[in-house]
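Dear colleague,

Please find below the sequence and the structure that I am handing over to you. My findings follow directly after them.

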Amino acid sequence: MRKQQVSVLMLQETHFRKDHVPQLNHLIYNRWYHSTWPSSASKGVSIALHRNFPMTVSSSLVDPEGRYIFIKGNIGSCTYTFGNLYAPNLAQTKWICKVIGLLKDFSEGTLILGGDLNLSLYPSLDSSTGLSSTSHLALRRVNVALSSLGLTDVWRVLHPTDRDYSHYSVAHKSYQRLDYLFIPTHLLTSCSNASIGSLLLSDHAPVFVEVGLRFLPRPMSNWRLNETMLDSPAHVLKTAERLEEYFKLNNTPDLPQGIIWEAHKSVIRGHFISLGSFLKRQREAQVTSLATQIQSLEALHKRDCSDAILEKLNHLRSSLKNILNSKTAKLFLSSRFKYYAHGDKASKFLLAQIKKRRAKSYIHAIPRLPHCLGTLRR
């Protein structure tokens with residue numbers, strides 16, 4: 001998601017319990033809104049906002065059963081409402097129409113709705129079999145309810161005759177488009193792209209919609225050494241050769257030793273930046289190659305559902321997962337080092353943690369207690 005520069009992230013089937021929601025202190029997505037199922041780690045939906053997404057959330061509506069969450073707020077002088085749904089496997093149309101009624105009363109301004117509906121709104125195009133267990137009359141009620149909010153299926157508008165799917169059922173050996181993003185009709189002119197990703201790490205593919213709204217510019221970030229580059233003996237040897245070459249060329253009597261020493265820091269930093277960029281391009285090329293192969297095999301598998309192609313798909317997905325897991329391990333080690341290095345020192349890191357805890361424990365108001373009749377005694 002970070003690579004795609006997603007501003008608003010909608011997740012379904014998060015499987016968080018109400019009393020065990022993890023503290024997601026993500027550097028990029030630092031504002032999370034959850035709806036959880038209280039009795040077990042099932043269902044669950046979440047909305048995450050990018051740190052540079054200039055939305056001030058004013059209120060939210062959370063389903064106690066972990067099926068939907070709505071948030072609304074302001075971006076500049078405009079009001080926006082975002083909704084995330086996860087429909088049940090049975091009686092989907094009745095549930096969707098009920099939730100849309102709740103959304104009508106809650107939403108203000110521009111409404112953007114997404115989620116897993118667990119049904120195909122247009123079975124002839126959204127299902128590889130062309131069939132649906134939901135009646136046409138029930139599907140029509142859902143489409144009418146969405147139209148009453150002024151919403152339209154943005155992917156279908158931009159791909160009116162294309163067949164692509166976001167879910168593969170192993171049991172039924174069929175593909176379906178179950179995941180949707182709906183935007184108001186007046187935003188269609190600002191929408192430059194809508195696409196369905198590949199089934200890489202889940203049984204549901206991500207759905208992307210790019211809307212041309214102007215937000216605040218992205219701030220510059222500081223460079224930091226990637227310590228994992230020093231784990232490779234080849235990289236260490238190359239760095240040593242670069243340092244030896246630098247001091248051989250610049251260690252002359254007419255230059256002060258202090259200037260030579262300070263200048264070598266810039267040279268070696270440039271060397272690490274160049275090496276890091278090369279390794280990043282190499283890793284991204286591997287990921288892109290695997291994703292392209294997966295996408296091509298998915299297109300073949302969507303046509304004939306061959307077991308041999310499915311086996312190749314699973315092998316490529318496993319290879320891709322290994323590459324992404326190595327990046328996750330690096331982030332985990334970086335997080336552990338950060339907490340270890342700061343420890344209980346009086347630093348900005350500790351101050352930030354205290355501010356978060358203070359904000360959570362701050363009492364905004366004391367509710368008025370109901371009037372009780374009684375006698376006070378010492």
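The second largest pocket has a volume of about 360 Å³. Please note that the model is a predicted one. The lining of this pocket comprises 18 residues, and those nearest its centre are N118, S133, H172, Q176 and L178. By class, the lining of the second largest pocket holds four nonpolar and 14 polar residues, with no charged residue. Two strands, β9 (167-169) and β10 (174-176), each contribute at least two residues to that lining. Of the elements, β10 gives the most to the lining of the second largest pocket, namely three residues.

One of the residues nearest the centre of the second largest pocket, N118, also deserves attention for its backbone. N118 is not a glycine, yet its phi is positive, at about 60°. As to its place in the chain, N118 belongs to the loop between β7 and α2 (123-126). A second case is A91, again a residue other than glycine, with a positive phi near 55°. A91 is found in the loop that lies between β6 and α1.

I turn next to the sheets. Six strands make up an open sheet of mixed pairing, and their order is β4-β5-β6-β7-β11-β8. At the edges of this sheet stand β4 (56-62) and β8 (151-153), each of which pairs on one side only. On average, neighbouring strands of this sheet are turned by 20° against each other, with direction ignored.

Within this sheet, β4 pairs with β5 (residues 68-75) in the antiparallel sense, over six bridges. Two positions illustrate the register: V62 stands opposite I69 in β5, and S59 has K72 in β5 as its bridge partner. The two strands, β4 and β5, form a hairpin with five residues between them, and G66 in the turn has a positive phi of about 75°.

Which strands of the sheet does helix α1 touch? Helix α1 (residues 92-106) packs on the sheet and touches β4, β5, β6 (78-86) and β7 (110-116). The direction of α1 makes about 25° with that of β5.

The packing of α1 against another helix can be stated in the usual terms. Two packed helices are described by the distance between their axes and by the angle between those axes. For α1 and helix α3 (residues 136-148), the axes come within 9 Å and cross at roughly 10°. Angles under 35 degrees count as roughly parallel, and α1 is therefore roughly parallel to α3. On the α1 side, the contact involves T93, I96, C97, I100 and K104. These residues meet A138, L139, R141, V142, A145, L146 and S148 in α3. By class, the contact of α1 with α3 has eight nonpolar residues, two polar and two charged.

There is also an open sheet of three strands, in the order β1-β3-β2, with antiparallel pairing. Its edge strands are β1 (8-12) and β2 (29-35), each pairing on one side only. From one strand to the next, the twist in this sheet averages 20°. The antiparallel strands β1 and β3 (residues 45-50) are joined by five bridges. As one point of reference for their register, L11 has S46 in β3 as its bridge partner.

For your own inspection of the model, I would suggest the following starting points:

- the second largest pocket, with N118, S133, H172, Q176 and L178 nearest its centre;
- the contact of α1 with α3, where the axes come within 9 Å;
- the hairpin of β4 and β5, with G66 in its turn.

With kind regards

Terms used. Residues numbered from 1 in each chain as written. Predicted model: local features only at pLDDT ≥ 70, side-chain atom pairs only at ≥ 80, totals over all residues. Heavy atoms only, no water. Pairing = 2+ DSSP bridges. Helix = DSSP H or I, 4+ residues; strand = E, 2+ residues; numbered from the N terminus. Axes fitted to C-alpha atoms, helices over the stretch in contact; angles between N-to-C directions. Contact = heavy atoms within 4.5 Å. Parallel < 35°, antiparallel > 145°, perpendicular 65-115°, else oblique. Nonpolar A, V, L, I, M, F, W, Y, C, P; charged D, E, K, R; others polar. 1 Å grid on protein atoms, 1.4 Å probe; cavity = no way out; pocket = protein on both sides within 12 Å on 5 of 7 lines; lining within 4 Å. Points joined across faces, edges and corners; volume = space filled by probe spheres on them.
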